[in-house]
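Biologist: I am new to this structure and would like a close look at a single part of it. Could you take me through the place where two of the helices pack together, and then through what lies around it?

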Amino acid sequence: MHSKAAWEKQNKGNQSTAEEFILLGLSGQPQLELLLFMLVLISYIITLLGNFTIIAVSQLDPRLHTPMYFFLSNLSFLDICYTSSLGPQLLVNFHSTCKAISWGSCVAQLYISLGLGSTECFLLAVMAYDRYAAVCQPLRYATIMSRRLCLLMASSSWLSGMGTSLVQTVLTLQVPRCGQNHIDHLFFEVPAVLTLACTDISFNEAELFSVGVIVLVVPVSLILVSYGYIGAAVLRIRSAEGRRKAFSTCTSHLTVVSIFYGPGIYAYLQPPSKGQSKIVSLFYTMVTPMLNPLIYTLRNKEVHGALRRLLQRKPDLTGWA
């Protein structure tokens, strides 16, 4: 049985345009791979069920046809796509001894997952502005958050995220690898790919850091500013019930922001040469999308009420005469 070093040496003579890559992941630790296979499978199923539920409830209950649930539906759809771009491949790698992934699959995985992750960064900032308008400008909220503005902000988040990913993907794939195609990571991700470079990557590291600041630091800074204003406005509310309601609508969003941006900043704002934690990457790609619907629904009385109304609704069979 070849060691990891011997395996890489054997493939060193391949061209940098190799038709496939080998995702080493947790090779040599079959028990841990089996455990992670089960955990990823469970989290993937919960992610699909939870986010599909939020989308269905938001669409079927007229009382939830508000900007907040429009953006929440976008986030749920985004999380479904994000986990689906990585989850099935992770399950295959954990379950199989063959860790190979084709060049085309690598490019698609890199572009789609990076684009969706970047889109979520922008979308969470948009959702913070929505909460700012709801709490700080309640009388003008309906006017400010018009349907047109909501569509514009959501589409801008998607276009910005996918556009950023396109630039990042092209620059990353142009880095010479001198035949190296063994990636010591769980999936095809920019920092992991840059470790294969056989040339100076100072420009790529600087560019990755700059993009990380734009995609991660700027949105989270705007979110913190928004919640600074929200906190000040809530403290001016005289009734305890009013303060509680205002805080409850924002706590869920802040929790999601914390568990998403924290690992992302840790992974992308340090030089690729320092290595990348596989567990951290697994957290923000599989665990966070699973937690999002749970966080938004556990303490949300509006969603609870909508679910009860949908479950109690009697089917209308008059059209089936």
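**The contact of α3 with α6**

Modeller: In this predicted model, the contact is made on one side by Pro67, Phe70, Phe71, Asn74, Phe77 and Leu78 of helix α3, which meet Cys150, Leu151, Met153, Ala154 and Trp158 of helix α6. Sorted by kind, the residues of this contact comprise ten nonpolar and one polar, with no charged residue among them.

Two packed helices are described by the angle between their axes and the distance between the axes. Here helix α3, which covers residues 67-95, and helix α6, which covers residues 147-173, pack at an angle of about 20°, and their axes are 11 Å apart. Because angles under 35 degrees count as roughly parallel, α3 is roughly parallel to α6. The crossing in which α3 passes α6 is right-handed.

Following α3 along its sequence brings us to Asn93, which also lies in this helix. With a relative accessibility of 5%, Asn93 counts as buried, because the limit for that word is under 20%. Leaving aside residues up to four places away in sequence, Asn93 touches Leu23, Glu33, Cys98, Lys99 and Leu186. One of these partners, Leu23, leads on to the strands, since strand β1 is made of residues 20-23.

Strands of a sheet pair through backbone hydrogen bonds, either parallel or antiparallel. In this model three strands form an open sheet with mixed pairing, and their order is β2-β1-β3. The edges of the sheet are β2 and β3, each of which pairs on one side only. On one side, β1 runs antiparallel to strand β2 (residues 100-102), and three bridges join the two. On the other, β1 pairs with strand β3 (residues 182-183) in the parallel sense, over two bridges. Ile22 shows both pairings in a single residue, with Ala100 as its bridge partner in β2 and His182 as its bridge partner in β3.

One further helix belongs in this picture, namely α4 (residues 103-136), which lies across β1 and β2 and runs at about 80° to β2. To trace the route again on the structure, begin where Phe70 and Phe71 are among the α3 residues that meet α6, go on to the buried Asn93, and step from there to Leu23, which Asn93 touches.

Conventions: Residues are numbered from 1 along each chain as its sequence is written. This is a predicted model: local features need pLDDT of at least 70, side-chain atom pairs count only at pLDDT 80 or more; totals for chains, interfaces and linings use all residues. Side-chain values use heavy atoms; hydrogens and water are left out. Axes are lines fitted to C-alpha atoms, for helices over the stretch in contact, and angles run from 0 to 180 degrees between N-to-C directions. Helices (H or I, at least four residues) and strands (E, at least two) are DSSP runs, numbered from the N terminus. Angles under 35 degrees count as roughly parallel, over 145 as roughly antiparallel, 65 to 115 as roughly perpendicular and the rest as oblique. A crossing is left-handed if the near helix is turned anticlockwise from the far one by less than a right angle, and right-handed if clockwise. Contact means heavy atoms within 4.5 Å. Ala, Val, Leu, Ile, Met, Phe, Trp, Tyr, Cys and Pro count as nonpolar, Asp, Glu, Lys and Arg as charged, and the others, Gly among them, as polar. Two strands pair if DSSP finds at least two bridges between them. Buried means under 20% relative accessible area, exposed over 50%, partly exposed in between (1.4 Å probe, protein chains only).
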